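Trainee: Could you take me through this structure slowly, as I am new to it?

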Amino acid sequence: MSVVDENKVDGIGISKDGEKLILLITDHLDWTNEYEHLIHLQNKINAYINFLENEQYKEVYPKKQFGLYCIEIHFKYELTSNCSKFIDRVNEQLCENNITIETIIV
């Protein structure tokens, strides 16, 4: 699974303290077509937000309540400045719902 599989969760887990649900996005795309890449990323993030809002994670963790949510994006390539700006803006909007986005370059 990857960022282009927009309606699938790439990975799901719980933080070590058990308070945070972590959703994984794996992004293997380079930035040759930055616009298309950002659209894929936006669509995938929106699908994950929908997944959280509809509490679909309860299919995996039926008895667990979470206070925090994290969308962890593992990028194969360094982020462009536009991608960094996009993620910063999305983070600003999502913090109201206890959702954060973290990025990791692998």
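What follows is a short exchange on the sheet, its helices and the core.

Mentor: Please keep in mind that this is a predicted model, where local features need pLDDT of at least 70 and side-chain atom pairs count only at pLDDT 80 or more, while totals for chains, interfaces and linings use all residues. Residues are numbered from 1 along each chain as its sequence is written, and side-chain values use heavy atoms, with hydrogens and water left out.

Trainee: Which are the edge strands of the sheet?

Mentor: Strands here are DSSP runs of type E with at least two residues, and helices are runs of H or I with at least four, numbered from the N terminus; two strands pair if DSSP finds at least two bridges between them. The open sheet of four strands follows the order E1-E2-E3-E4, with mixed pairing. Pairing on one side only marks the edge strands, E1 (11-14) and E4 (99-105).

Trainee: Which residue in E3 is the bridge partner of Lys20?

Mentor: Strand E2 (residues 20-27) and strand E3 (residues 68-75) run parallel and are joined by eight bridges. In E3, the partner of Lys20 is Leu68.

Trainee: Which helix gives the most to the largest nonpolar core?

Mentor: Such a core is a set of buried (under 20% relative accessible area, 1.4 Å probe, protein chains only) Ala, Val, Leu, Ile, Met, Phe, Trp, Tyr and Cys residues joined through side-chain atoms within 4.5 Å. The largest has 25 residues, with Leu41 and Ile45 among those with the most contacts inside it. E2, H1, E3, H2 and E4 each supply at least two residues, but the most, seven residues, come from H1.

Notes: Buried means under 20% relative accessible area, exposed over 50%, partly exposed in between (1.4 Å probe, protein chains only).
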